[in-house]
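Visitor: I have a model open and a few things to ask about it. Can we go through it strand by strand and then look at the whole chain?

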Amino acid sequence: MILHKNEFNDHDMGKLVKGAIVPRPIAWVSSMDGNGRKNLAPFSFFTVASMDPLTLAISVGEREREKDTAFNIKETEEFVVNIVSESLANAMHETSRYYSAEEDEFEVAGITEAESVYVRPPRVMASPVSFECRLTQVMEIGTSNLILGEVIGYHLRDDIYMEKDKVDPHKLQAVGRMAGDYTFVRDFFPLPTDQLPE
């Protein structure tokens, strides 16, 4: 099967793309508007954009019906990316639902917040890793906002820190996004290896 872009409208490209580009890491983004109203929402179009300066990239869709996250970040130029561990998966999923700007997703999902050090939006206290970010740039691409934020603060839970500045993946217990479902990140192997199927 091969599809030219002229045929994309004949298919559900969202499902075809999200089903193939997997597993995706989840950025659980906490933000705050100019009036101090908090927002917490997950995004799986997320990666590292640069190591120098250390910059994260998040794609927030539906620009024509702008989500609170994008609006808040544009207004205050600050946000926090929290990593989702297995114990936080249900709460993270709850915050993926639509809530009005007046509703506090921390409260709705029963999430305990922690004060950030360098930005106003709070962190997720139970998250194993949190990145405090300052907005670098917003690029409008089609119906999405590509948000770039420089990391100005890094929070790492003590028990997942390993020697030589490594993160223990077994204790991180990160959750990934598949198409409509999620996945555990539990199996690790080096390459090359003879353990892979032929």
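Visitor: Which residue stands opposite Tyr182 in β14?
Guide: Arg177 is the one opposite Tyr182. Bear in mind that this is a predicted model.

Visitor: How many bridges are there between β13 and β14?
Guide: There are 3 bridges, and β13, which covers residues 175-177, pairs with β14 in the antiparallel sense.

Visitor: What is the strand order in that sheet?
Guide: The order is β1-β13-β14, in an open sheet of 3 strands with antiparallel pairing. β1 (24-25) and β14 (182-184) are at the edges with a single partner strand each, so one side of each has no neighbour in the sheet.

Visitor: Moving on to β6. How many of its residues are buried?
Guide: Strand β6 spans residues 78-83, and 6 of its 6 residues are buried.

Visitor: Which of them point which way?
Guide: Glu78, Val80 and Asn82 point one way from β6, while Phe79, Val81 and Ile83 point the other way. In a regular strand, side chains alternate between the two faces of the sheet. Both sets in β6 are buried, Glu78 and Asn82 included.

Visitor: What does β6 pair with?
Guide: One partner is β2 (residues 27-32), antiparallel to β6 over 4 bridges. Another is β9 (residues 129-141), also antiparallel, joined to β6 by 5 bridges.

Visitor: Which residues face each other there?
Guide: On the β2 pairing, Ala27 has Ile83 of β6 as its bridge partner. On the β9 pairing, Val81 stands opposite Phe131.

Visitor: Different spot: Val60. Is that buried or exposed?
Guide: Val60 is buried, with a relative accessible area of 0%. Val60 belongs to strand β5, residues 54-60.

Visitor: What does Val60 touch?
Guide: Leaving out residues up to four places away in sequence, Val60 touches Phe43, Lys67, Ala70, Ser144, Asn145 and Ile147.

Visitor: And how far is Val60 from Thr143?
Guide: The C-alpha to C-alpha distance is 8.9 Å, with the two residues 83 apart in sequence.

Visitor: Now Lys166. Where is that, and what is Lys166 in contact with?
Guide: Lys166 lies in strand β12, residues 166-167. Not counting neighbours within four places in sequence, Lys166 is in contact with Ile160 and Tyr161.

Visitor: How far apart are Lys166 and Thr136?
Guide: Their C-alpha atoms are separated by 27 Å, and the residues are 30 apart along the chain.

Visitor: Zooming out, how many helices and strands are in the chain?
Guide: The chain has 5 helices and 14 strands. Its radius of gyration is 18 Å, close to the 16 Å from the globule rule for 198 residues, so the chain is as compact as a globular protein of that length.

Visitor: What box do the C-alpha atoms fill?
Guide: Roughly 55 × 50 × 35 Å, taken along the principal axes.

Visitor: What share of the residues is buried, and what about the surface?
Guide: Buried residues make up 38% of the 198. The accessible surface is about 12,200 Å², and 51% of that belongs to carbon and sulfur atoms.

Visitor: How many of the contacts join residues at least 24 apart?
Guide: The figure is 61%, among contacts between residues at least 6 apart in sequence.

Visitor: Last one, charges. How many positive and negative side chains are there?
Guide: There are 20 positive and 33 negative side chains, and the centres of the two sets lie 1 Å apart.

Key. Residues numbered from 1 in each chain as written. Predicted model: local features only at pLDDT ≥ 70, side-chain atom pairs only at ≥ 80, totals over all residues. Heavy atoms only, no water. Pairing = 2+ DSSP bridges. Helix = DSSP H or I, 4+ residues; strand = E, 2+ residues; numbered from the N terminus. Rg over C-alpha atoms; globule rule 2.2 N^0.38 Å. Buried < 20%, exposed > 50% of the residue type's maximum accessible area, 1.4 Å probe, protein only. Contact = heavy atoms within 4.5 Å. Areas by Shrake-Rupley, 256 points an atom, 1.4 Å probe, with all protein chains shown as cover. Lys, Arg positive; Asp, Glu negative; His and termini not counted. Charge placed at Lys NZ, Arg CZ, Asp CG, Glu CD.
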